[in-house]
Amino acid sequence: MFDEKELIPKILGGDLRAFDILVKQYQRLVFHISFKLVNQTDVAQDISQEVFIKVFRNLKSFAYQAKLSTWIARIAYLTTLNHLKKQKRDSFEPYPADIEHFHFTNSNPESELIGKDVNRYVNQLMSQLPHQYRLVLTLYHLEEFNYQEIADVTELPVGTVKSYLFRGRKLLKAKLEDYLKNEN
C-alpha cells in the first residue's frame, strides 16, 4: 500500500527507489492532466517528465495541507498551462458566446468509428471540448478527484467546477445521442 507520509522522508533522504515508487503511483494522473490540455502524446510525455523533476526539486516544500495527489496534479496543471503559454497556442481563446450550441465537428460519426469503437469516439469528442471541460471531466471521472480537489488543482471555485462538469457532460451526451439515433 502507498503511504505518502512514509515515502516522502525516504525521498528527501535521497532514496531514488522511493521516488520511483512515487512516479509510478502518479504518472498516469500527471499524463492525463497534460494530455487533456495539449492533446499530443509526445508533448504530454515531455511535460510529465518536467513535472516529476519539479516534484523532486520541491518535495521539501510539501506541507501535507492537501493530499499529495492534489499537490502533484496542481504542479502538472500549472506546468502544462505554462507550456501552452510558451507555445502561444490558441487553446486559450475565450469560450464561444453560444457555448450551449457548441459544435464539435461536421464529420459523420460513422466515419469516426471503426468497429463501433465508442471509447475512441468519446475521446475524440473530449479532445474537441474547451480545455477546462476536458480537464475537470478527466479529473472527476478518470482520476476520481472530488469537487474540492479539482478546485484546488485548477484554482476555480467549486461552483465553477460543478458547472464545467455539467456542461461538459451535457455536450458529450448530446453528441452521443446524435450518434445513437443515426445508428438505429
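# Exercises on an all-helix chain

From the N terminus on, the elements of the chain run α-α-α-α-α-α-α-α-α. The model is a predicted one. The chain has 9 helices and 0 strands. Of its 184 residues, 40% count as buried. Residues 24 or more positions apart account for 66% of the contacts with a separation of 6 or more.

## Exercise 1. The packing of H2 and H4

Task: Describe how helix H2 and helix H4 pack, giving the angle and the distance between their axes.

Solution.

Step 1. Two packed helices are described by the angle between their axes and the distance between the axes.

Step 2. H2 covers residues 16-38 and H4 covers residues 68-87. Their angle is about 35 degrees, and the axes lie 9 Å apart.

Step 3. The hand of the H2 and H4 crossing is right-handed.

Step 4. List the residues that meet. H2 contributes Leu 22, Tyr 26, Leu 29, Val 30, Ile 33, Ser 34, Leu 37 and Val 38. From H4 come Leu 68, Ser 69, Ile 72, Ala 73, Ala 76, Tyr 77, Thr 80, His 83 and Leu 84.

Step 5. Sort them by class: the contact of H2 with H4 has 13 nonpolar, 4 polar and no charged residues.

## Exercise 2. Two threonines

Task: Determine whether Thr 80 is buried or exposed, do likewise for Thr 154, and list what each touches beyond four places in sequence.

Solution.

Step 1. Place the residues. Thr 80 lies in helix H4, and Thr 154 lies in helix H8.

Step 2. Apply the cut-off for buried, which is under 20% relative accessible area. Thr 80 has a relative accessible area of 0%, so Thr 80 is buried. Thr 154 has 8% relative accessibility and therefore counts as buried.

Step 3. List the contacts. Leaving aside neighbours within four places in sequence, Thr 80 is in contact with Ser 34, Leu 37, Val 38 and Ile 47. With residues up to four places away not counted, Thr 154 touches Arg 74, Tyr 77, Leu 135 and Val 161.

Step 4. Look for a polar partner of Thr 154. Its side chain reaches the backbone oxygen of Ile 150 at 2.8 Å.

## Exercise 3. Helix H3

Task: Compare the span of H3 with the span expected at 1.5 Å a residue, and state which helices its buried residues pack against.

Solution.

Step 1. H3 has 18 residues, which should span 26 Å at 1.5 Å a residue. The end C-alpha atoms of H3 are 25 Å apart, which agrees.

Step 2. The buried residues of H3 are Val 43, Ala 44, Ile 47, Ser 48, Val 51, Phe 52 and Val 55.

Step 3. These buried residues pack against H2 and H4.

## Exercise 4. Helices H7 and H8

Task: Give the extent of H7, then the buried residues of H7 and of H8.

Solution.

Step 1. H7 spans residues 131-142, 12 residues in number. From first C-alpha to last it reaches 16 Å, close to the 16 Å expected at 1.5 Å a residue.

Step 2. Buried in H7 are His 131, Tyr 133, Arg 134, Leu 135, Val 136, Leu 137, Thr 138 and Leu 139.

Step 3. H8 runs over residues 147-154, with Glu 149, Ile 150, Ala 151, Val 153 and Thr 154 buried.

Step 4. Examine the start of H8: a side-chain oxygen of Asn 146 comes to within 3.0 Å of the backbone nitrogen of Gln 148.

## Exercise 5. Positive phi

Task: Find where Tyr 64 lies and where Glu 155 lies, and give phi for Tyr 64 and for Glu 155.

Solution.

Step 1. Most residues other than glycine have a negative phi.

Step 2. Tyr 64 is in the loop between H3 and H4. Phi of Tyr 64 is near 60 degrees, a positive value. At 35% relative accessibility, Tyr 64 counts as partly exposed.

Step 3. Glu 155 is in the loop between H8 and H9, and its phi is near 60 degrees. At 61% relative accessibility, Glu 155 counts as exposed.

Step 4. Add Glu 144, just after H7, with a positive phi of about 60 degrees.

## Exercise 6. A contact across the sequence

Task: State how far the C-alpha atom of Val 122 is from that of Leu 172.

Solution.

Step 1. Val 122 lies in helix H6 and, at 22% relative accessibility, counts as partly exposed.

Step 2. Val 122 and Leu 172 are 50 residues apart along the chain, and their C-alpha atoms are separated by 7.6 Å.

Step 3. Beyond four places in sequence, Val 122 is in contact with Leu 172 and Leu 176.

Methods
Residues numbered from 1 in each chain as written. Predicted model: local features only at pLDDT ≥ 70, side-chain atom pairs only at ≥ 80, totals over all residues. Heavy atoms only, no water. Axes fitted to C-alpha atoms, helices over the stretch in contact; angles between N-to-C directions. Helix = DSSP H or I, 4+ residues; strand = E, 2+ residues; numbered from the N terminus. Left-handed = near helix turned anticlockwise from the far one by under 90°. Contact = heavy atoms within 4.5 Å. Nonpolar A, V, L, I, M, F, W, Y, C, P; charged D, E, K, R; others polar. Buried < 20%, exposed > 50% of the residue type's maximum accessible area, 1.4 Å probe, protein only. Polar contact = N/O pair within 3.5 Å; in protein donor to acceptor, adjacent residues only side chain to side chain. Expected span 1.5 Å × (residues − 1).
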